[in-house]
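This note sets out comments on a single protein chain, for a colleague who works at the bench. Please read the points alongside the sequence and the model.

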Amino acid sequence: MKQYLYTAVEAAVNAGMIIMDIYENQIVDVERKSDDSPVTIADKKADIYIQKALQSTKIPVLSEEGEHASYEIRQNWQQCWIVDPLDGTKEFIKRNGEFTVNIALVENGKPLLGVIYIPAVKSLYFAIPAEKKAFKIELDSHAITPELFQNAKEIFAANENGVITLTSSHSYTNQKVIDFIDTLETEGKEVNLIKAGSSLKFCLMAEGQASYYPRYAPTMEWDTAAGHAICKAVGLEVYSLETNKPLKYNKENLLNPWFLVRKIR
């Protein structure tokens, strides 16, 4: 598992370097996919690199920007990589820096490891949930060095004492999120709200800067798998609001249900 983690970390950081070269040096054309979501050359180039980097593991890859095998094939995969080469394309286009590279390894529907890289600030998050620890590294450059992991600092989820901080999307903080906040306040709790793009919300949860992340808007498996792994490692869970059970991966329908990230009770 450690070797898979190193492979995923290297792939994420190097993809981040590719993304930042485009972000800083090119005028980016925006295309529209069949679902009207945006895609750029940065998404495509990062995807090509990550898919090639993961080939050595001989584990199939399910990537937002790649070819999706049919469920008849995928249902026979015991393990697979789930990848979003550029999560937060809208944030990339807005040039606010709040975009990530997400790489997760999933086995029988459950996340085994997760890596999230925030290339604009060179912050790397990673975890193997079975080890019940998650880590963050602040990189000096988009480079993998022998001492990289020596600089890792363990991160911890928040304790719910006093003020509760909730995180939500810039684009999807809708009435249901406001209602969720109102419910907490009705219970006598003081609530702060942090809006963030892409998988930064999972990172805020995992490092204790937020206690709840409700999502009442569409997401796909590649939006959540890596963050799910990292949050799970620190005692958080990503619960489906349909079943109150953890999200599952490599489903026939790759669309996630609405969900809530919170501590396991």
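The numbered points below go from the whole chain to its cores and then to individual residues.

1. Status and overall fold. The model is a predicted one. The protein chain contains 7 helices and 14 strands. Its radius of gyration is 17 Å, close to the 18 Å that the globule rule gives for 265 residues, so the chain is as compact as a globular protein of that length. The C-alpha trace spans about 50 × 45 × 40 Å along its principal axes.

2. Burial and contact range. Of the 265 residues, 53% count as buried. When contacts between residues at least 6 apart in sequence are considered, 63% of them join residues at least 24 apart.

3. Surface and charge. The protein chain exposes about 12400 Å², and carbon and sulfur atoms supply 48% of that area. The chain carries 29 positive and 35 negative charges, and the mean positions of these two sets are 4 Å apart.

4. The largest nonpolar core. This core has 36 residues, and the ones with the most contacts inside it are Ile82, Phe202 and Val261. Both strands and helices contribute: β4 (79-87), β5 (100-107), β6 (110-118), β7 (123-128), β13 (236-240) and β14 (259-263), together with α6 (200-206) and α7 (221-233), each supply at least two residues of the core. Apart from it lies another core, of 34 residues, which includes Val9, Val13, Phe99 and Val101.

5. Phe202. Which residues does Phe202 touch, not counting residues up to four places away in sequence? They are Ile116, Tyr213, Asp223, Thr224, Gly227, His228, Cys231, Val238, Phe259 and Val261. Val261 is itself named with Phe202 among the residues with the most contacts inside the largest core.

6. Ile116. This residue is found in strand β6. Ile116 counts as buried because its relative accessibility is 0%, and buried means under 20%. The C-alpha atoms of Ile116 and Phe126 are separated by 6.4 Å, with their positions 10 residues apart in the numbering. Not counting residues up to four places away in sequence, Ile116 touches Thr100, Val101, Asn102, Ser123, Leu124, Tyr125, Ser199, Phe202, Cys203, Ala226, Gly227 and Ile230. Gly227 is thus a contact of Ile116 and is also touched by Phe202.

7. Ala8. The place of Ala8 is in helix α1 (residues 2-25). Is Ala8 buried or exposed? Ala8 is buried, with a relative accessible area of 0%. Ala8 and Asn102 are 94 residues apart in sequence, while their C-alpha atoms are 9.3 Å apart in space. Leaving aside neighbours within four places in sequence, Ala8 is in contact with Trp81, Ile103, Leu113 and Val115.

8. Phe135. Strand β8 (residues 133-138) holds Phe135. Leaving aside neighbours within four places in sequence, its contacts are Leu124, Tyr125, Phe126, Ala152, Lys153, Glu154 and Ile155. Leu124 and Tyr125 are also touched by Ile116. From Phe135 to Glu237 the separation is 102 residues in sequence and 17 Å in space, C-alpha to C-alpha.

9. Gly97. This glycine lies in the loop between α4 (89-94) and β5. Gly97 is nevertheless buried, with a relative accessible area of 14%. Its contacts, leaving aside neighbours within four places in sequence, are Tyr23, Glu91, Ile118 and Ala120. Gly97 and Ile73 are 24 residues apart in sequence and 37 Å apart in space, C-alpha to C-alpha.

10. Two residues with positive phi. Where is Ser198 found? Ser198 is in the loop between β11 (191-196) and α6. Phi of Ser198 is near 45°, a positive value in a residue other than glycine, and Ser198 counts as buried at 11% relative accessibility. Asn250, in the loop between β13 and β14, has a positive phi of about 60° although it is not a glycine. Asn250 likewise counts as buried, at 9% relative accessibility.

Methods: Residues numbered from 1 in each chain as written. Predicted model: local features only at pLDDT ≥ 70, side-chain atom pairs only at ≥ 80, totals over all residues. Heavy atoms only, no water. Helix = DSSP H or I, 4+ residues; strand = E, 2+ residues; numbered from the N terminus. Rg over C-alpha atoms; globule rule 2.2 N^0.38 Å. Buried < 20%, exposed > 50% of the residue type's maximum accessible area, 1.4 Å probe, protein only. Contact = heavy atoms within 4.5 Å. Areas by Shrake-Rupley, 256 points an atom, 1.4 Å probe, with all protein chains shown as cover. Lys, Arg positive; Asp, Glu negative; His and termini not counted. Charge placed at Lys NZ, Arg CZ, Asp CG, Glu CD. Core = buried A, V, L, I, M, F, W, Y, C linked by side-chain atoms within 4.5 Å.
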